[in-house]
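Here are a few short exercises on how two chains meet. Grab your viewer and work through them in order.

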Number of protein chains: 2
Amino acid sequence: MVEKIAPVAVDAMGGDHAPGAIVQGAINAARKGLAVVLVGPEPRVREELSRHRAGKDLPIEVHHASEVVEMHDHPGQAMRRKKDNSIRVCFELVKSKRASAMVSAGNSGAVMAGAIFVLGRPDGVERPAIISVLPALKGSPLLLDMGAVVDCRPSHLVQFALMGDVYARRVIGVAKPRVAVLANGEEDSKGTDLTRAAAAALRKAPIHFVGYCEGRDLLTGEFDVIVTDGFTGNVALKTMEGTAKVVGEYLKRALMSTTVSKIGGLLAKQALEGMKKRIDWREVGGAPLVGVNGVGFISHGRSDALAIENAIRRAREAARTHFTDEIANAVAPTEALLAAAEPGSANGEAEPQRRTAPHEA
Amino acid sequence: MVEKIAPVAVDAMGGDHAPGAIVQGAINAARKGLAVVLVGPEPRVREELSRHRAGKDLPIEVHHASEVVEMHDHPGQAMRRKKDNSIRVCFELVKSKRASAMVSAGNSGAVMAGAIFVLGRPDGVERPAIISVLPALKGSPLLLDMGAVVDCRPSHLVQFALMGDVYARRVIGVAKPRVAVLANGEEDSKGTDLTRAAAAALRKAPIHFVGYCEGRDLLTGEFDVIVTDGFTGNVALKTMEGTAKVVGEYLKRALMSTTVSKIGGLLAKQALEGMKKRIDWREVGGAPLVGVNGVGFISHGRSDALAIENAIRRAREAARTHFTDEIANAVAPTEALLAAAEPGSANGEAEPQRRTAPHEA
């Protein structure tokens, strides 16, 4: 029997192209059988639905939310002052189980604030993180945090690793994720005080920790979970985005440079479009939150209908796995791991308490 | 009259392909009229020279250095214990003005240690940095530090900006460099305590400081000097390298996917090679040091003859500008800038002392 799952709540008002592109994405998803609740000012959302000629037979509901969080709004203040904002209402639907997950392309700080405010955190989670699913040569490596926690302590990185491990196993489907800390070199002596302390603790964790990974390894698929502070994660992610764009621009210029290369470009066009699709952030469908009691996906602010449709699909898939149930257990040993890794502790003698041991034979 | 300039000292023993590729690169440079001193164990270097059939008329000297720093050697210890190592001897030639600059593809930590140990720092420089010259769509933006100073204080970032400004003006030839701090967003409220403190001080500096820049802006050419701590700089640089490689791999796969796309790829081959060359790190020729009393270039460990030839050319060009003479003046206001930016200081009333004001009309 296929598990029945509640629809995905979609913030109709979030993103540069809202509500048009968002509603269109929801319609596309609904046409493929994915149930959606569009959240936003009802008259506005219904108007969009009729403009897109969504049939009444589609699995789309509309849930009213009278207020909208703007991109310049302060996240925390927006949650407190605009009590009926579409992001917050999405999370309330998730909390009351009327939605299985939520998707928003709006103010990402407000999405994180809403998640913490409405859903709360599993026991023991210090700071929730935002995961970026990378378009690697093979696999789907997770990079976290991509911007939620800018100034990190070692315990944050340790928890990102433990939570990322859960997500990689349960949602991505990697049996034994290779977990690494992002650093400026492979040797243990590299890194900062922060990365060295986190790596020392993670060596004792009940996960497959493989040490440091470098910027050049993010897209090779050699690592499944890569943890870093939100500042570095954000810089790395945007650097990838910018580099791919610039290389694409060089490619375009190269193909336009001579008549022969133009013909070559035309002949290769379909294949090149396929490549573009492979590295297109819209295919990834958004960045999942981890460390909150429910499933939320932050989509790119520039999301179009395709990005939203994909985000709805991924959010639904994530919700089906109930991975959030495992988070509290996963982060439970954080303090013990850090204590065991401290210089002078009885290293290796007193193992940290294992409340979960997912990889044991 | 063209200024006579001493030859460039080249560490014949540094890098994965030393001494063969290094000697070949030096010969290529010499054939184009660039004078070189090859530094390393003399019999070995002479053997390579004769293997490459370098004519005796080429402007190549050999300077003996009996020891070699290995990649696993501790930089500081190598400088102290291997007193006659090829990196150190290169810097001694620079110090005694028998060489105008040095180039090494060896242990980059040892190159930096050698520079500090032998050349020393201009007055007031806290920490020298390594500059990466980025292959941007337009211009040649400088990213620093790329790995020398991993744990940074605000004063370090401020000095990187002031020194990078000098390098951009004097060596790259940008009249009024746009200087930025790398961060996780454009708004002043973004960043870490480190970046906010540095940005506040730089707003008062006698340079054209334009605020934060993001990872996606590194290669657009909108910024001329981008400063960050050595950890983030290293991650960003290797992320660019890795992304370009992965996009290239996707491109290759796309072009090989069908018969038609294969033909297209063949027709576009020359143009694509041109693109590859544009983003090839070997064309950049290495990373200049800044904040030491002399000119040193760190080349990629995988440098081949082309990379070495380009590094020799760039090092020589940098030496001709005598940019190092301006560094002490540029960093002189560091403390005053930081003090003026502190909350509670008489902001804007007591301007920091300007010992240099390069952009004043």
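Buried area is the accessible area, for a 1.4 Å probe, that two parts lose on being put together, summed over both. Keep in mind that this is a predicted model.

**Exercise 1.** Work out how much area is buried between chain A and chain B, and what share carbon and sulfur atoms give.

*Solution.* Start with the area: about 4,500 Å² is buried between chain A and chain B. Next, split it by atom type: carbon and sulfur atoms give 73%. Then turn to residues: 51 residues of chain A are in contact with 51 of chain B.

**Exercise 2.** Find how many salt bridges there are between chain A and chain B, and which parts of chain A touch chain B.

*Solution.* Count the salt bridges between the chains, and you get 4. One pairs the side chains of B:Glu214 and A:Lys238, at 2.2 Å from N to O. Residue pairs in polar contact between the two chains, both at pLDDT 80 or more, number 12. Now the helices: helix 7 (193-202), helix 8 (230-255), helix 9 (259-267) and helix 10 (269-278) of chain A each supply at least two residues of the side touching chain B. Helix 8 of chain A has the largest share, 20 residues. Sorted by character, that side of chain A has 27 nonpolar, 14 polar and 10 charged residues.

**Exercise 3.** What turn and shift lay chain A on chain B?

*Solution.* A turn of 180° with a shift of 0.0 Å along the axis does it, at an RMSD of 0.0 Å. The two copies are therefore related as by a two-fold rotation axis. In chain A, the C-alpha nearest that axis belongs to A:Gly264, 1.8 Å away. Last step: 100% of chain A's interface residues are also interface residues in chain B, so the copies meet through the same surface.

Conventions
Residues are numbered from 1 along each chain as its sequence is written. Chains are lettered from A and ligands numbered from 1 in the order in which they are written. This is a predicted model: local features need pLDDT of at least 70, side-chain atom pairs count only at pLDDT 80 or more; totals for chains, interfaces and linings use all residues. Side-chain values use heavy atoms; hydrogens and water are left out. Contact means heavy atoms within 4.5 Å. A polar contact is a pair of N or O atoms within 3.5 Å; within protein, one must be able to donate a hydrogen and the other to accept it, and residues adjacent in sequence count only if both atoms are side-chain atoms. Helices (H or I, at least four residues) and strands (E, at least two) are DSSP runs, numbered from the N terminus. Ala, Val, Leu, Ile, Met, Phe, Trp, Tyr, Cys and Pro count as nonpolar, Asp, Glu, Lys and Arg as charged, and the others, Gly among them, as polar. Copies are superposed by least squares on the C-alpha atoms of residues with pLDDT of at least 70 in both.
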